[in-house]
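Let's take a walk through this structure together, one region at a time. Have the sequence and the 3D view ready side by side.

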Amino acid sequence: MLLIGPERLGETHNRERFESGSEPLDNYLKQRASQDAKRGIAFTYVLAEQDGNVAGFYTLTSSSIDIRDLPASVAAKLPQRAVLGAALIGRLAVDRRLQRQGIGSLLGAHAVKQALHENPAATIAVLVDAIDDAAIAFYRALGFIFLPEPGRRMFLLRETLRRH
């Protein structure tokens with residue numbers, strides 16, 4: 001199967017048939033993604049089939065990370081300002097028909113590259129909020145690690161990518 005993208009969500013992408021198995025993610029793509037992009041809140045990138053149907057998507061938005069929330073060994077190597085710029089992968093989903101075929105990994109890797117490429121001077125890390133154990137395993141495989149705070153927020157430093 002030939003897939004096109006990832007590229008920014010546009011008018012030629014058919015979102016109506018997209019079903020990931022997560023109603024909130026499906027609804028976001030169908031109802032809010034374009035509005036968020038118009039307002040500059042979040043940008044959605046899609047991988048589409050040749051007929052325009054969305055195979056998978058992710059969103060990127062600006063965020064920040066308090067240096068005090070990082071592990072001490074990581075924080076010691078960074079500028080000692082209180083808050084540093086970051087990018088947040090807010091959502092990532094693959095259509096049910098195409099799950100377990102590597103599309104999620106492709107989208108995740110593209111999201112990280114895109115986040116660090118778009119604004120490299122202001123983005124020290126990429127953040128995610130892993131929603132469940134499967135998401136934790138997925139992001140760990142991409143190199144993300146947990147912030148020390150309780151919860152499911154994970155991060156990947158720009159410096160980590162330079163070593164790979």
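What follows goes from the sheet to a loop, then to the pocket and the core. Please keep in mind that this is a predicted model.

A good place to begin is the sheet. Strands of a sheet pair through backbone hydrogen bonds, and they can do so in the parallel or the antiparallel sense. Here, seven strands form an open sheet, and its pairing is mixed. If you trace the strands across the sheet, you meet them in the order β1-β2-β3-β4-β5-β7-β6. The edges are formed by β1, residues 3-8, and β6, residues 145-146, each of which pairs on one side only.

Now look at one pair inside that order. β4 covers residues 83-94 and β5 covers residues 125-129; the two run parallel and are joined over four bridges. To find the pairing in your viewer, pick Ala-86, whose bridge partner in β5 is Ala-125.

From here, move to the loop that links β2 (43-49) to β3 (54-66), where you will find Asp-51. Is Asp-51 buried or exposed? Its relative accessible area is 54%, and since the cut-off for exposed is over 50%, Asp-51 counts as exposed. The side chain of Asp-51 also makes a polar contact of 2.9 Å with the side chain of Asn-53. Thr-12 is 39 residues away from Asp-51 in sequence, yet their C-alpha atoms are 9.2 Å apart in space.

Next comes the largest pocket, with a volume of about 780 Å³. Its lining is made up of 27 residues, and those nearest the centre are Leu-92, Ala-93, Val-94, Ala-135 and Phe-138. Two or more lining residues come from each of β4, α3 (103-118), β5 and α4 (133-141). Which of these elements gives the most to the lining? That is β4, with six residues. Sorted by class, the lining has 14 nonpolar residues, nine polar ones and four charged ones.

The last stop is the largest nonpolar core, a set of 25 residues. Try highlighting Tyr-58, Ile-89, Tyr-139 and Phe-144, as these have the most contacts inside the core. The elements that supply two or more core residues are β2, β3, β4, α3, β5, α4 and β7 (153-157). Among them, α3 gives the most to this core, with six residues. You have already met α3 at the largest pocket, where this helix gives two or more residues to the lining.

Conventions:
Residues numbered from 1 in each chain as written. Predicted model: local features only at pLDDT ≥ 70, side-chain atom pairs only at ≥ 80, totals over all residues. Heavy atoms only, no water. Pairing = 2+ DSSP bridges. Buried < 20%, exposed > 50% of the residue type's maximum accessible area, 1.4 Å probe, protein only. Polar contact = N/O pair within 3.5 Å; in protein donor to acceptor, adjacent residues only side chain to side chain. 1 Å grid on protein atoms, 1.4 Å probe; cavity = no way out; pocket = protein on both sides within 12 Å on 5 of 7 lines; lining within 4 Å. Points joined across faces, edges and corners; volume = space filled by probe spheres on them. Nonpolar A, V, L, I, M, F, W, Y, C, P; charged D, E, K, R; others polar. Core = buried A, V, L, I, M, F, W, Y, C linked by side-chain atoms within 4.5 Å.
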